[in-house]
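Here is an informal walk through one protein and its ligand. Have the model open while you read.

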Amino acid sequence: MSMKIPFLNNKQTKENDTEKPENVPDHVAIIMDGNGRWAQRRGLPRIAGHKEGVSAVNKIVKAAVKANVKILTLYTFSTENWKRPRSEIDFILKLPKEFLHIYLPGLIANNVKINTIGDFDELPEHTKSAVQYAVDKTKDNDGMVLNFALNYGSRLEIIRAVKQIIDDIDQSKISLDALDDHEFSKYLFTNGLSDPDLLIRTGGEQRLSNFLLWQLAYTEFWFTDELWPDFNEKSFSVALEEYQRRKRRYGGI
Ligand code: V0D
């Protein structure tokens, strides 16, 4: 049986196999902005930009695996995105299934583990089941963690944590004295994941838009005007190189 696995179409050169760049960020988080504008500039409907954004996701996942990134977190759907037109929301919420139908075999072949953060329960059943299937299928993989922020909002995440902590204090599961930033982190969606080392935002805006407010406290930021569908392996390596340069300066004089 021969099966085409799109993810595996990357040609690894000998150079890439032997090169071990220093100071690769363990955890990269990305705000994938500019999809709607990408489409509108071409006279296409906004949803055409989201669809094009899906193939950019695959390109960057491949690039991240190749670069030896340990965790890649992608902001795919925010709690604020429910304010968009219903037709656009319906289209976007079908993208996980479409993405996984095409790319899941390649992700499995590359030992990628799929994870999600956010309020998963509020998503439509068809979205949840497609994503849950992929999470289950990849749960024993120990390669890169591909972490999708789905129906994610950072303030909601922090409020949830506070409520759960109060509950646990009431039930004497933890003591108020023991609450420090390490303990607090365990109540966030990102429990078990290290904080991002590098945040990338495409599409020209320079703000966090309610993304990982707690986790980005010491993170390096990289903003680019490039729209997400145009963001490619080259753009990604430029961001990684800039990160490496910044860190080297830090350790220096
Ligand atoms: C649209 C650009 C992949 C940003 C990328 C539901 C907006 C394309 C996924 C995906 C979206 C999510 C989970 C998963 C597998 C794939 C995705 C959404 C939007 C929101 F397990 N792309 N993508 N999810 N866009």
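What follows covers the overall picture, the ligand shell, a helix pair and a few individual residues.

This is a predicted model, in which local features need pLDDT of at least 70 and side-chain atom pairs count only at pLDDT 80 or more, while totals for chains, interfaces and linings use all residues. Residues are numbered from 1 along each chain as its sequence is written, and side-chain values use heavy atoms, with hydrogens and water left out.

**Overall picture**

The protein has nine helices and six strands; these are DSSP runs numbered from the N terminus, with helices (H or I) of at least four residues and strands (E) of at least two. It has 253 residues, and 44% of them count as buried, meaning under 20% relative accessible area, with exposed over 50% and partly exposed in between (1.4 Å probe, protein chains only). About 14,000 Å² of the protein is exposed, and carbon and sulfur atoms supply 50% of that. Areas like this come from the Shrake-Rupley method with a 1.4 Å probe; for residues, only the protein chains shown count as cover. Take contacts (heavy atoms within 4.5 Å) between residues at least 6 apart in sequence: 77% of them join residues at least 24 apart.

**Around the ligand**

Which residues come nearest to the ligand? Out of 18 around it, they are Asn-35, Thr-76, Ile-92, Phe-99 and Phe-148; a residue is near if one of its heavy atoms lies within 4 Å. On its own the ligand has 520 Å² of accessible area, and the protein covers 98% of that. At least two shell residues come from each of helix H3 (46-66), strand E2 (71-78), helix H5 (95-109) and strand E4 (145-152). By class, the shell has 14 nonpolar residues, four polar ones and no charged ones. Here Ala, Val, Leu, Ile, Met, Phe, Trp, Tyr, Cys and Pro count as nonpolar, Asp, Glu, Lys and Arg as charged, and the others, Gly among them, as polar.

**H5 against H6**

H5 also pairs up with helix H6 (residues 125-137): their axes come within 10 Å and cross at roughly 10°. The axes are lines fitted to C-alpha atoms over the stretch in contact, with angles from 0 to 180 degrees between N-to-C directions. So H5 is roughly parallel to H6, a label for angles under 35 degrees, with over 145 roughly antiparallel, 65 to 115 roughly perpendicular and the rest oblique. On the H5 side, Pro-96, Lys-97, Leu-100, Leu-104 and Ile-108 take part, meeting H6 residues that include Ala-130, Val-131 and Tyr-133. This contact has eight nonpolar, one polar and two charged residues.

**Individual residues**

Here are four residues by relative accessible area.

| Residue | Relative accessible area | Class |
|---|---|---|
| Asn-151 | 3% | buried |
| Leu-216 | 5% | buried |
| Asp-119 | 23% | partly exposed |
| Ser-209 | 33% | partly exposed |

Most residues other than glycine have a negative phi. Asn-151, in strand E4, has a positive phi near 55°. Ser-209, also no glycine, has a positive phi of about 50° and is found in the loop between E5 and E6.

Leu-216 is in the loop between strand E5 (198-201) and strand E6 (220-223). Leaving out residues up to four places away in sequence, Leu-216 touches Pro-196, Leu-199, Leu-208, Phe-211 and Phe-221. The C-alpha atoms of Leu-216 and Leu-199 are 7.9 Å apart, with the two positions 17 residues apart along the chain counted as their separation.

Asp-119 is in the loop between strand E3 (113-117) and H6. With the same sequence neighbours left out, up to four places away, Asp-119 touches Leu-150, Asn-151, Leu-156 and Phe-189.
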